[in-house]
Each structure stands twice: as C-alpha cells, then as structure tokens.
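Colleague: I am new to this structure and should be grateful for a close look at a single part of it. Would you please take the sheets of chain B and describe how they are built?

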Amino acid sequence: MSSVEDRVAGLANSLLNISDRSALDSDVGDLGVNSVDAIAFLKAVNGEFGTNISADQAAGFKTLRALINHLS
Amino acid sequence: MNGSISDFHTTGPHEVTWMSQFCQIRDVLVVHVDLIANGNCEDKALFWLDQKERKRLNRYRFDRPRREFVLSRSAMRQILCCFLKCRNEQLSFETNAHGKPIPLVDGVLANASVNLTHSGNHGLVGIASGGQLGIDLEVPVERPNVEGIGQMVFTDNEQSELARASGNEKLNLFYRLWTLKEALIKALGTGFSLNPNQFEIPQGMRQGASRGKFRFPHLPDIQWELDFIGSSDFAASLAHSREITQP
C-alpha cells in the first residue's frame with residue numbers, strides 16, 4: 001500500500017503536472033495552479049481517499065503537505 | 001485619491017505592447033494582457049515591480065506562473081498609475097485576509113477597485129472607481145469530468161442544467177458558470193473560503209444572458225452587477241458592486 005504522500009504526489013503529478021516532491025511543502029499560491037485544476041484535483045483526492053473535503057475546506061490548506069497531514 | 005476611466009483614456013499605456021483595452025462595461029474598464037512568452041516584455045514588466053513583488057516573483061517555482069505574475073502585475077500597476085494619476089513608486093498594495101490586492105497611493109487607500117485574472121496566454125485587468133470588483137478568465141480546456149468538478153462548486157439547479165447539456169454546449173456552460181462564480185467570490189474578497197455552491201447564478205445568465213443582477217444569500221442588501229464578457233478565445237466574467245462589504 002502506497003503512503004498518503006505517495007498517493008497525493010501521484011495525483012499532483014498526473015493532474016497538476018507537479019512532479020517535484022519538494023513542491024509539496026510550497027505555498028499552493030506559489031505553484032501557479034489554475035482554480036479549475038485545483039478543484040479537479042480536490043475531486044480526485046476525495047475519490048482516492050473516500051473523503052468529502054469541500055472547496056471551502058480545501059481553501060484552508062496552504063500547502064499540499066497540509067492536505068497530506070489532514071488525510072493521514 | 002480619485003480616478004476615472006476618462007483619465008485612463010487620455011493617458012493610457014498605448015506604448016506598452018502587452019496590454020490593450022478589451023472592453024468597457026458601465027464604469028468598469030477591462031484591459032487585456034498578452035501572456036505569450038516574450039523576453040522583451042518581461043524585462044520591461046519587471047522594471048515596474050517593487051521589492052516586495054520581486055520577492056513574490058522569486059517564490060514561484062515554475063516559469064509559466066512567474067511570467068503570468070510579472071506581466072499581469074506590471075500591467076495592473078501601469079493601469080492604476082494612469083487611472084489614479086500617480087507615479088509607480090507611490091503605489092503599493094495591501095492584501096485582505098484571502099490575498100485580494102487593495103491599492104494604496106502614498107500609503108492611503110486609493111479610490112479604485114482593481115482585480116486581475118489569467119489563464120493560458122490571456123490575462124484581464126478590471127478597474128473601476130471604488131466599490132468592489134472581481135474578474136475571472138478561463139481558457140476552455142476539454143475535461144473528461146466537468147460534471148464531477150461541478151458537483152464541488154455548483155448548486156443542484158446548476159448541476160442539473162450542466163448534466164442536460166451536451167458537447168460544446170456543456171463545456172461552454174461549465175466555464176460560463178465557473179467564471180461567473182469565481183468573479184463573484186473574487187469581488188467579495190473571500191476566494192474559495194466561500195464555497196461557490198452556496199449561491200446560484202441568476203437563471204437568465206445560466207441560459208445565456210450576458211448581463212444580470214445578483215445578491216449573495218448571506219448579504220441580501222448588496223446588489224452586484226454581473227457581466228459575461230467572454231470571447232472566442234476564452235470565457236470571462238465580471239462582478240461589480242458600488243458598495244463595500246465585509247466578507
């Protein structure tokens with residue numbers, strides 16, 4: 001079983017074209033992610049982890065690491 | 001510090017190659033920013049940024065968002081300087097809790113509402129005297145799951161209408177709804193901390209009208225003017241209220 005970080009990183013790579021693991025700790029605003037892509041990514045995260053994280057909840061995650069910590 | 005659109009017309013940035021007037025909607029001026037990679041423009045644009053913005057620029061990890069930031073932020077500065085008749089070095093920005101830039105001249109709140117958006121090779125800057133303004137642009141991209149994305153941010157009615165649409169009509173409706181909603185949350189200054197599924201785009205605009213009026217359910221006293229200003233290249237929307245609200 002892959003770790004939560006591996007699974008989130010995999011989705012970030014395939015959906016946001018972010019392959020560098022160090023980007024997981026960057027401010028999301030510094031990654032230049034388009035808003036539609038961000039919500040598509042969130043939708044995929046919910047599908048992968050069986051969660052129901054809403055757009056407004058996700059706005060509180062300043063980094064992908066914060067999302068990983070929430071999911072762990 | 002007061003500004004007006006007529007000020008902009010007489011002293012507009014005609015010499016700047018990466019901007020051009022896109023449209024004027026009532027008292028809101030919208031300027032198009034060309035974001036195609038161009039080293040000359042990017043060098044010129046960099047000159048306009050202050051130290052804080054250059055630090056911000058250096059935090060971007062990838063070339064594309066770096067280019068979007070330098071070209072669109074410098075465009076916003078030039079437009080504000082024309083609009084407010086001030087020098088670039090007099091201009092600074094504070095941000096609200098959700099990162100929306102608020103212009104200051106000599107440290108004093110300027111009488112201008114400004115907002116910018118970009119997607120693909122296109123950016124737009126909207127500016128008006130006072131009030132609150134939000135603008136959003138999206139270059140449509142074919143997506144396999146627009147209905148799934150819509151479930152995250154659209155109301156039941158909006159989702160049903162999207163489900164009934166097909167082909168290009170579905171994609172166009174998705175981006176129409178998206179830009180209208182994002183323009184509204186940007187105008188209000190909340191970003192996605194206000195879930196867009198908590199309010200509904202007026203029915204007429206969902207069905208193709210280019211203009212409408214809107215009130216947030218939790219702020220019924222404030223009326224917003226909504227305009228869909230998309231072109232053949234992109235979907236785009238503008239939201240403006242003359243009144244100031246606290247998000």
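Modeller: Two strands count as paired if DSSP finds at least two bridges between them. With that in hand, one may turn to the model, which is a predicted one.

Let us begin with the sheet that contains strand 1. Four strands of chain B form this open sheet in the order 1-2-7-6, and their pairing is antiparallel. Its edges are strand 1, residues 19-25, and strand 6, residues 113-119, of chain B, each of which pairs on one side only. If direction is ignored, neighbouring strands of this sheet are turned against each other by 20 degrees on average.

Within this sheet, strand 2 (residues 28-34) and strand 7 (residues 122-128) of chain B are joined in the antiparallel sense by six bridges. To find one such position in the structure, one may look at B:Val31, whose bridge partner in strand 7 of chain B is B:Val125. In general, the strands of a sheet pair through backbone hydrogen bonds, in either a parallel or an antiparallel manner.

A helix accompanies these strands. Helix 4 of chain B, residues 63-84, lies across strand 1, strand 2, strand 6 and strand 7 of chain B. Relative to strand 7 of chain B, helix 4 runs at about 25 degrees.

The other sheet to consider is also in chain B. It is an open sheet of four strands, with the order 8-11-10-9 and antiparallel pairing. Here strand 8 (132-138) and strand 9 (211-214) of chain B are the edge strands, each pairing on one side only. From one strand to the next, the twist averages 15 degrees.

Strand 10, residues 224-228, and strand 11, residues 235-241, of chain B run antiparallel and are joined by four bridges. One position to locate is B:Phe228, which has B:Ser237 as its bridge partner in strand 11 of chain B.

This sheet, too, has a helix lying across it. Helix 7 of chain B, residues 167-188, lies across strand 8, strand 9, strand 10 and strand 11 of chain B. The angle between helix 7 and strand 8 of chain B is about 150 degrees.

To place chain B in its setting, the contact between the chains may be added. Chain A gives 16 residues to this contact and chain B gives 22 residues. On the side of chain A that touches chain B, helix 2 (35-49) and helix 3 (55-58) of chain A are the elements that give two or more residues. Helix 2 of chain A provides the largest share of that side, six residues. By class, the side of chain A that touches chain B comprises eight nonpolar, five polar and three charged residues.

Methods: Residues are numbered from 1 along each chain as its sequence is written. Chains are lettered from A and ligands numbered from 1 in the order in which they are written. This is a predicted model: local features need pLDDT of at least 70, side-chain atom pairs count only at pLDDT 80 or more; totals for chains, interfaces and linings use all residues. Axes are lines fitted to C-alpha atoms, for helices over the stretch in contact, and angles run from 0 to 180 degrees between N-to-C directions. Two residues are in contact if their C-beta atoms, placed from the backbone, lie within 7 Å. Ala, Val, Leu, Ile, Met, Phe, Trp, Tyr, Cys and Pro count as nonpolar, Asp, Glu, Lys and Arg as charged, and the others, Gly among them, as polar.
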